Amino acid sequence: MARDHSHPLVELTLARFREFVREPGALFWTFGFPVLLAVGLGIAFRARPPDPARVALVGRTDADARMERILQGADRVEVTRMDEEEARASLRSGKVDMVIVPVLEDGRMSVTYRYDAARPQGRAARLEADMVVQSALGRTDVADVSEETVSEQGGRYIDFLIPGLIGLNVMGSSMWGIGYSVVLSRRRKLLKRLAATPMSRSHYMFSYLFSRLVFLIAEVAALVAFGWLVFGVRVHGSWVWLILVSLAGAASFTGLALLVASRSESTEVASGVMNAVMLPMWLLSGSFFSYERFPDFLHPVIRLLPLTAFNDALRAIINDGASIWSTWTQVAVLAFWALVGYLLAVKLFKWQ
Amino acid sequence: MWSLGATGPMEPRTTSTNLTQDVMALSCSGIVKRFGDVVAVDGLDMVALRGECLGLLGPNGAGKTTTVEILEGLMMPDRGEVEILGMRWGQGRDQELRTRIGVALQETQLADKLTVREIVRMFSSFYPRGREVNEVIELLGLTQKAGAAVDRLSGGQRQRLALACALVGDPDLLFLDEPTTGLDPQARLRIWEVVERFREKGGTVVLTTHYMEEAARLCDRVAIIDLGRLVAEGSPHQLVDSLGAQQMVELRADPPLDDAALAVLPGVGRVSKSDDMYRLAISGIGEALPALIAELDRRGSRVVSLTTREPTMEDVFVHMTGKGLREG
């Protein structure tokens, strides 16, 4: 009898795929949410001309009138007169970057700059204002200077952000998509029912990987296309490398998700565990800001996290145009997590 | 060797251990399963012959589901032997064994968003041989609903879908755990018909139920289970006959009488009492009834209600365990 029969792996993968696309909420969180996040962050950190240095002028003598005239003539300084009290408060709350207190003694101007040296704006204001003041009072430049300002593509915050968002999204959708589905199937006794069939248990695991890979292409493509169309973020490296690195990333997060979901019967507990696994990576793995900001001795540990490896590899390919060969350490880290995840998950997996 | 537990009420008996595979679909002996301090199955022995329908009858918590899941290979017993179709679980032939059994668990929520056809196709793909997907859907009367998602099905339709998944691998042995619990009579009847058609083709069925009608209609042999033990076993007829009663009398009286006074009356067998109702197994209704009325008179007790009816398996169960099938 010619039976309507297809391969179990195909059927299982199709089932995963269908379950996902028939859940509108899941679609939004996978595709809509990261795009909204990119819009929000892109607007907040959009490229714009540098702010002028905001300076408060304090004093009751002739000096401040003269100083005000000097500073008002400069385009990179914005000056406001304040009394002592107001100036202090404004400096503390960041409304002004520096307070200037000029004193005229025997025809000689002496100036006090009050600013927070830990804040870059404070230091910049000091340099800008001092330059204006000194040259207005007669200092002459000794070298000829010409300025050339650039805003290099690939070096903006949004260029840094888009690969980070791809990384976060692939991690999040793999963990939630798989973890939740597995735990729910266990609670509904579907896993037990499947365990009573001759279904190969590794087919079941692989069906998650394969369905993930299909979505992965769509997820990555959506964010890359969005970044390119809206913010002009270009992929400098090869698409093939981008896809291959993304596959490695998805494989490692799928392994991790199967491991996290291998025992739990309660979706609440599983959610907690997934958050506990993902939160450190949200923070440490350099999605929103570079992990270089953490102390040096932490870097080797941070680089072993799958999301760090994934983000680094994505940035190398998207921003720096690197080939996959130069990201082999990251790919190795991803492969390691994929392997550990699968092997442990297969061993620990609870079917009933 | 297998025998009924020595603690059981039936005579211990033995049969040959080498019953050929052609005869025996399933046997288990001395299976014990504990969950912490709770003994779910306490030394159970059973056989099911090929082509037979064996029913496990018992109240909730009797250990039926645990027993069935041990037989299905979903759980390993703490002690005891299980042999299914001449094979044993955990000896390297599990996959082969799984291709030959069909399973419907007590409660499985199949994926909500998949359609009937998609789910049956998926289950079909697990089996190297098996039946045509559409044919099984047709058999279960789900053709109209083949394209409907699970969350659009009624309880009876979901149960039929579960049965379709159990049958699509064309099993030799079918395990059904409370296949009709919670269904209306019509939905129940449809499931019974499908089980009967499976048996007509020579299939063996093991089913658990706490409905006597179900056991009486479908089962060749019934094993009554309580507290993880086999309490009685036999065909529905044999079991009812074992009561030695032609009739059952159910009596309420005010003020109540004591059991001993009723049991000594002529023609009255065992007496049991639940709440304020007596159940009397009557061997001779002609002599028992007048004697009963006379005894009530003599003690100044008034009859609140008195009914007579045919004895059922529930009575067997009540007599063996002192409680009703629906009681926990």
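**Exercise 1. Placing a lysine of chain B**

In which loop of chain B does B:Lys113 lie? Describe then how exposed this residue is and what surrounds it.

*Solution.* The model used in these exercises is a predicted one. We begin with the position along the chain: B:Lys113 lies in the loop between strand 5 (101-104) and helix 3 (116-125) of chain B. The next step is to judge exposure, for which a residue counts as buried with 20 or more other C-beta atoms within 10 Å and as exposed with 12 or fewer. B:Lys113 has 15 other C-beta atoms within 10 Å, and therefore it is partly exposed. For its surroundings we leave aside the neighbours within four places in sequence, and we then find B:Lys113 in contact with A:Arg18, A:Glu19, A:Arg22 and A:Glu23 of chain A, and with B:Ala149 of chain B. As a last step, B:Lys113 can be set against B:Ala263, which is 150 residues away in sequence and 59 Å away in space, C-alpha to C-alpha.

**Exercise 2. The contact between the chains**

How many residues does each chain bring to the contact, and which helix of chain A gives the most to it?

*Solution.* Counting by chain, we find 25 residues from chain A and 25 residues from chain B. On the side of chain A that touches chain B, the elements that give two or more residues are helix 1 (8-21) and helix 7 of chain A. Of these, helix 1 of chain A gives the most, with six residues. Sorting this side of chain A by class, we obtain nine nonpolar, five polar and 11 charged residues.

**Exercise 3. An open sheet in chain B**

In what order do the four strands of the open sheet in chain B stand, and which strands are at its edges?

*Solution.* The order is 11-12-10-13, and the pairing is antiparallel. Strand 11 (268-274) and strand 13 (302-309) of chain B each have a single partner strand, so one side of each is left without a neighbour in the sheet, and these two strands stand at the edges. Between neighbouring strands of this sheet the turn is 20° on average, with direction ignored.

We may then look at one pair in detail: strand 10 of chain B and strand 12 (residues 277-282) of chain B pair in the antiparallel sense over five bridges. B:Val249 stands opposite B:Leu280, which belongs to strand 12 of chain B. Finally, helix 11 (residues 313-321) of chain B lies across strand 10, strand 11 and strand 12 of chain B, and runs at about 80° to strand 11.

**Exercise 4. Helix 9 of chain A and the nonpolar core**

Is helix 9 of chain A mostly covered or mostly uncovered, and how many residues does this helix give to the largest nonpolar core?

*Solution.* Helix 9 (residues 239-260) of chain A has 22 residues, and the distance from its first C-alpha to its last is 31 Å, close to the 32 Å expected at 1.5 Å a residue. Of its 22 residues 18 are buried, and the helix is thus mostly covered. The largest nonpolar core has 156 residues, and those with the most contacts inside it are A:Leu258, B:Ile119, B:Val120, B:Ala164 and B:Leu280. Helix 9 of chain A gives the most to this core, with 13 residues.

Taking A:Leu258 as an example, and leaving aside its neighbours within four places in sequence, we find contacts that include A:Ile178, A:Val182, A:Met205 and A:Tyr208. Apart from the largest core lies another core, of 21 residues, with A:Ala53, A:Ala56, A:Met82 and A:Val96 among them.

**Exercise 5. Backbone details in loops**

What is phi of A:Lys189 and of B:Glu178, and which two residues does the cis peptide bond with omega of about -5° join?

*Solution.* Phi of A:Lys189 is near 65°, a positive value in a residue other than glycine. A:Lys189 is found in the loop between helix 6 (157-187) and helix 7 (190-195) of chain A, and it is partly exposed, because it has 18 other C-beta atoms within 10 Å. For B:Glu178 phi is near 45°, again a positive value in a residue other than glycine. B:Glu178 is found in the loop between strand 6 (173-177) and helix 6 (185-200) of chain B, and it is buried, because it has 23 other C-beta atoms within 10 Å. The cis peptide bond joins B:Asp254 and B:Pro255, and B:Pro255 has its place in the loop between strand 10 (247-254) and helix 9 (259-263) of chain B.

Methods: Residues numbered from 1 in each chain as written. Chains lettered and ligands numbered in written order. Predicted model: local features only at pLDDT ≥ 70, side-chain atom pairs only at ≥ 80, totals over all residues. Expected span 1.5 Å × (residues − 1). Pairing = 2+ DSSP bridges. Axes fitted to C-alpha atoms, helices over the stretch in contact; angles between N-to-C directions. Contact = placed C-beta atoms within 7 Å. Nonpolar A, V, L, I, M, F, W, Y, C, P; charged D, E, K, R; others polar. Core = buried A, V, L, I, M, F, W, Y, C linked by C-beta atoms within 7 Å.
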